[in-house]
Amino acid sequence: MNVLKKASSKSEPDRTETEVPAPRAKATLRQLQTLPEQIAELIFNSIADGEYEPGERIREEALAEQFEVSRGPVREALRILEKDSVVRILPNRGAHVTQLSIKEVADIFEIRRKLSSTMIARLSADEAARLAAVIDADVRALDSLALDPDGSQEYFQISFRLSRVLRESCTNERLAEILASLSRQTLRYTQLGLATPARRKESARNWKSMHKAMKAGNVDAAAEAVEKLIEDSQREAIRQLEARQGTGSAEA
């Protein structure tokens with residue numbers, strides 16, 4: 001079945017379409033996706049859901065058949081994902097899901113942490129307070145999910161949504177785009193970092209601290225809280241990667 005949607009024409013404003021947020025664009029802009037962008041989003045979702053293992057090849061012909069399109073849009077979709085380091089396209093070997101080294105994971109998380117802090121610090125006190133009201137329900141939901149043994153996936157989904165809402169509040173569109181890319185690059189490793197109830201409880205505390213500071217208009221404290229949120233996730237992701245590999249390093 002072809003699950004892709006056509007972008008509606010500007011001459012048809014009353015036409016209802018199912019829109020998926022573009023992989024590297026602000027959802028608040030309500031941008032309609034091109035065919036390769038739609039395919040990229042679906043491939044990315046499959047990778048995030050574990051349908052592809054790190055290092056596994058993604059076959060263009062199989063995806064073209066699945067989505068009932070030619071191989072051209074699939075090839076372009078894979079190039080979109082390569083820009084975000086989600087896949088790597090190797091000469092004569094096709095596209096493969098990235099398998100980042102521990103050093104690469106640490107480096108990407110560090111950049112994301114610093115830029116996320118900068119993004120929050122740019123908010124005015126009034127903007128921070130308004131944003132706190134927007135995310136209030138989701139932050140409270142994280143608290144109830146934190147210790148649920150079966151709440152890992154839902155916790156991660158809400159956390160990912162909260163991160164996206166914060167990015168969309170940023171008036172520096174280039175910064176928001178870079179953060180979106182970094183979020184996609186670290187997504188699988190963020191999931192590792194939220195694997196245990198203890199880690200989710202720690203994460204929920206960080207979200208609450210950030211939310212409380214934003215509600216009070218204290219953007220400096222909120223920026224510190226978001227740094228700790230990402231730093232804790234980075235530390236746990238690396239710990240789990242090291243435990244899986246049995247060494248202190250890994251090859252890409």
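Me: Where is the place of Met-214, in which helix?
Reply: This is a predicted model, so keep that in mind throughout. The helix in question covers residues 197-215. Met-214 has its place there, in α8.

Me: Is Met-214 buried or exposed?
Reply: Buried means under 20% relative accessible area. Met-214 comes out at 0% relative accessibility, so this side chain counts as buried.

Me: Which residues does Met-214 touch, leaving out those up to four places away in sequence?
Reply: Ser-124 gives a hint of the neighbourhood: its C-alpha is 9.7 Å from that of Met-214, though the two are 90 residues apart in sequence. The partners that Met-214 touches are Leu-123, Ala-128, Ala-129, Leu-131, Ala-132, Ile-135, Leu-166 and Ala-222.

Me: How many residues are in the largest nonpolar core?
Reply: In soluble globular proteins, nonpolar side chains tend to be buried together. Here, Ile-43, Ile-58, Trp-207, Met-210 and Met-214 have the most contacts inside the largest such core. Its residue count is 68.

Me: And which helix gives the largest share of this core?
Reply: That share is 10 residues. They come from the helix spanning residues 219-245, α9.

Me: What does Trp-207 touch, not counting residues up to four places away in sequence?
Reply: Trp-207 is among the residues with the most contacts inside the core. Its partners include two serines, Ser-159 and Ser-163. The rest are Val-139, Leu-142, Tyr-155, Leu-162, Leu-166 and Leu-229.

Me: Ser-163 is in contact with Trp-207 and what else, leaving aside neighbours within four places in sequence?
Reply: Ser-163 is found in α6, residues 152-168. At 13% relative accessibility, Ser-163 counts as buried. Besides Trp-207, the contact is with Arg-112.

Me: How do α5 and α8 run, roughly antiparallel or roughly parallel?
Reply: Two packed helices are described by the angle between their axes and the distance between the axes. For α5 (residues 125-145) and α8, the axes come within 9 Å and cross at roughly 160°. Angles over 145 degrees count as roughly antiparallel, so α5 is to α8 roughly antiparallel.

Me: Which hand does the crossing of α5 and α8 have, left or right?
Reply: The axes to look at are the ones that come within 9 Å. As α5 passes α8, the crossing is left-handed.

Me: How many residues in the contact of α5 with α8 are nonpolar?
Reply: On the α5 side, the contact includes Ala-128, Leu-131, Ile-135 and Val-139, while Trp-207, Met-210 and Met-214 are among those from α8. Charged residues take part too, including Asp-136 and Asp-143 of α5 and Arg-200 and Lys-208 of α8. By class there are 5 charged and 1 polar, and the nonpolar count is 12.

Me: What does Asp-138 of α5 touch, not counting residues up to four places away in sequence?
Reply: Asp-138 lies in α5 and is buried, with a relative accessible area of 18%. Its C-alpha is 8.1 Å from that of Ser-159, 21 residues apart in sequence. The residues Asp-138 touches are Ile-158, Arg-161 and Leu-162.

Me: What about α7 and α9: are they roughly perpendicular or roughly parallel?
Reply: The axes of α7 (residues 173-193) and α9 come within 7 Å and cross at roughly 85°. The range from 65 to 115 degrees counts as roughly perpendicular. That makes α7 to α9 roughly perpendicular.

Me: How many charged residues are in the contact of α7 with α9?
Reply: Tyr-189, Thr-190, Leu-192 and Gly-193 of α7 meet Ser-233, Glu-236, Ala-237, Gln-240, Leu-241 and Arg-244 of α9. The classes are 4 nonpolar and 4 polar, with charged residues numbering 2.

Me: Which residues is Glu-236 in contact with, leaving aside neighbours within four places in sequence?
Reply: Glu-236 is found in α9, and at 8% relative accessibility it counts as buried. Its contacts are Leu-192, Gly-193 and Arg-199.

Me: Where does Ser-85 lie, in which loop?
Reply: Most residues other than glycine have a negative phi, and most peptide bonds are trans. Phi of Ser-85 is near 60°, a positive value. Ser-85 is partly exposed, at 26% relative accessible area, and lies in the loop between α3 and β2.

Methods. Residues are numbered from 1 along each chain as its sequence is written. This is a predicted model: local features need pLDDT of at least 70, side-chain atom pairs count only at pLDDT 80 or more; totals for chains, interfaces and linings use all residues. Side-chain values use heavy atoms; hydrogens and water are left out. A nonpolar core is a set of buried Ala, Val, Leu, Ile, Met, Phe, Trp, Tyr and Cys residues joined through side-chain atoms within 4.5 Å. Buried means under 20% relative accessible area, exposed over 50%, partly exposed in between (1.4 Å probe, protein chains only). Helices (H or I, at least four residues) and strands (E, at least two) are DSSP runs, numbered from the N terminus. Contact means heavy atoms within 4.5 Å. Axes are lines fitted to C-alpha atoms, for helices over the stretch in contact, and angles run from 0 to 180 degrees between N-to-C directions. Angles under 35 degrees count as roughly parallel, over 145 as roughly antiparallel, 65 to 115 as roughly perpendicular and the rest as oblique. A crossing is left-handed if the near helix is turned anticlockwise from the far one by less than a right angle, and right-handed if clockwise. Ala, Val, Leu, Ile, Met, Phe, Trp, Tyr, Cys and Pro count as nonpolar, Asp, Glu, Lys and Arg as charged, and the others, Gly among them, as polar.
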